[in-house]
Amino acid sequence: MGFSMAQSLTYWLSEHPSIITFRWTHTQSWGSTWSFLVTFLSLHLIISLFLHLILVLFRRRNPVPLGPIPAIHSLAMALISAGIFAGMLLSVGSEIRDTRWLWRRSKTPLQWLLCFPLGTRPTGRVFFWSYIFYLSRFLQLFRTFFSILKRRKLTFFRLFHHSILICMSFLWLEFTQSFQLIAILSTTLVYSVVYGYRFWVAVGLPGACFPVILNCQLLLLGCHLVCHLGVLCLHFRKEGCNGIGAWVFNSVLNGALLVLSLNFYVKMYLKKSKLTDDDSSSHSGHSSSVQEVKKDL
């Protein structure tokens, strides 16, 4: 029974004809054109600013009640991330098994994960899951709207964080960029934990005594930094990595994201430390404010 279920899962996640024959094209793949990307991100920016402006004009200081919507969104993102992780992991194993004879003399499986051979095209199993990952980034954009409606401060980090992730995911497919497989595996693994924890807290269950989301996100950024260095070394030591031009631009976006993340979290911790210093003067006010900081993290 268990073996049969494993075979069925493997088939639906890596051996289905639609997955094996997938091809990233501007005519068949939804959201695969530059015009679509620019239009959608511009629309996201306009809607975000419009929502913020409406709340400011109506002088609404209290959060807009969203009910169970954020919890449902977190659960959906956790399940989708876990599904993409499982699909990508099985697909990577299948691709190594089926195509290793093409590159085994020049690369190990780990090197292939970091550095695609020159001439690689966005077709097949792993790029199907890269495309699904790209589509899932659009669902993640709703967190920007949730933050605005909860009347949290609209910062540059919140406004552009998810847009940067969509741009990077698009570049991975458009230029068959190296490094994307490990990036997707690590990101979906971390996101399944992060969004699972957000759902856990949203339904009223007790949170951890340490910043789970902060630690996970910093661990993810650190992992990506190491992988970027690995790609750079392989590109100059071997015959070259596919999509290296897009990788350079992607590295700049990753660097910007790292700086924004560190700046955002340092400010949150400074705010938390300041609230701790004021504890002797107003204990109840301190407790509610610290809870708000934890929600931001």
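Which residue forms a salt bridge with Glu 15, and how far apart are the closest N and O atoms? The partner is Arg 125, and the gap is 3.2 Å. Keep in mind that this is a predicted model. The views below start with the whole chain and then move in on single spots, this pair included.

**Figure 1. The whole chain is built from helices, with 12 of them and zero strands.** Read from the N terminus on, the elements go α-α-α-α-α-α-α-α-α-α-α-α. The protein chain has 297 residues, and 45% of them are buried. Take the contacts between residues at least 6 apart in sequence: 80% of these join residues at least 24 apart. As for the outside, the chain exposes about 15900 Å², with carbon and sulfur atoms supplying 69% of that area.

**Figure 2. Glu 15 and Arg 125 pair up across a long stretch of sequence, 110 residues.** Glu 15 sits in helix H1 (residues 2–15) and Arg 125 in helix H6 (residues 125–140), so their salt bridge ties together parts of the chain that are 110 residues apart in sequence. How covered are the two partners? Glu 15 is partly exposed, at 22% relative accessibility. Arg 125, in contrast, is buried, with a relative accessibility of 6%. As a bit of background, side chains of opposite charge can pair when their charged atoms come close.

**Figure 3. Arg 125 also reaches Asp 98 in a salt bridge, with 3.0 Å from N to O.** Here the link runs from helix H6, home of Arg 125, to Asp 98 in helix H4 (residues 69–103), so the pair ties together parts 27 residues apart in sequence. Asp 98 has another partner in Arg 97, and in that salt bridge the closest N and O atoms are 2.8 Å apart. Asp 98 is partly exposed at 32% relative accessible area, while Arg 97 counts as exposed at 54%. Zoom out a little and you get one network: salt bridges with shared partners join Glu 15, Glu 95, Arg 97, Asp 98 and Arg 125. The structure holds five salt bridges.

**Figure 4. Helices H3 and H7 run side by side, with axes that come within 10 Å.** H3 covers residues 34–57 and H7 covers residues 142–149, and their axes cross at roughly 10°. That makes the two helices roughly parallel. On the H3 side, the contact uses His 44, Ile 47, Ser 48, Leu 51, His 52 and Leu 55. H7 brings Thr 144, Phe 145, Ile 148 and Leu 149. Sort the contact residues by type and you get six nonpolar, four polar and no charged.

**Figure 5. H7 itself is mostly covered, with seven of its eight residues buried.** Which residues of H7 are buried? They are Arg 143, Thr 144, Phe 145, Phe 146, Ser 147, Ile 148 and Leu 149. After H7 comes Arg 151, whose phi is positive, near 65°.

**Figure 6. Helices H9 and H10 pack with axes that cross at roughly 175°.** H9 spans residues 180–202, H10 spans residues 212–237, and their axes come within 10 Å. The two helices are therefore roughly antiparallel to each other. From H9, the contact residues include Ile 182, Ala 183, Val 190, Tyr 191, Tyr 197 and Arg 198. Among those from H10 are Val 212, Ile 213, Leu 220 and the cysteines Cys 216, Cys 223 and Cys 227. By type, the contact of H9 with H10 divides into 13 nonpolar residues, four polar and one charged.

**Figure 7. Leu 79 and Tyr 195 are 116 residues apart in sequence, but what is their distance in space, C-alpha to C-alpha?** The C-alpha atoms of Leu 79 and Tyr 195 are 8.7 Å apart. Leu 79 has its place in helix H4. Is Leu 79 buried or exposed? Leu 79 counts as exposed, with a relative accessibility of 58%.

Terms used. Residues are numbered from 1 along each chain as its sequence is written. This is a predicted model: local features need pLDDT of at least 70, side-chain atom pairs count only at pLDDT 80 or more; totals for chains, interfaces and linings use all residues. Side-chain values use heavy atoms; hydrogens and water are left out. Axes are lines fitted to C-alpha atoms, for helices over the stretch in contact, and angles run from 0 to 180 degrees between N-to-C directions. Helices (H or I, at least four residues) and strands (E, at least two) are DSSP runs, numbered from the N terminus. Angles under 35 degrees count as roughly parallel, over 145 as roughly antiparallel, 65 to 115 as roughly perpendicular and the rest as oblique. Contact means heavy atoms within 4.5 Å. Ala, Val, Leu, Ile, Met, Phe, Trp, Tyr, Cys and Pro count as nonpolar, Asp, Glu, Lys and Arg as charged, and the others, Gly among them, as polar. A salt bridge is a side-chain nitrogen of Lys or Arg within 4 Å of a carboxyl oxygen of Asp or Glu. Buried means under 20% relative accessible area, exposed over 50%, partly exposed in between (1.4 Å probe, protein chains only). Accessible areas come from the Shrake-Rupley method with a 1.4 Å probe; for residues, only the protein chains shown count as cover.
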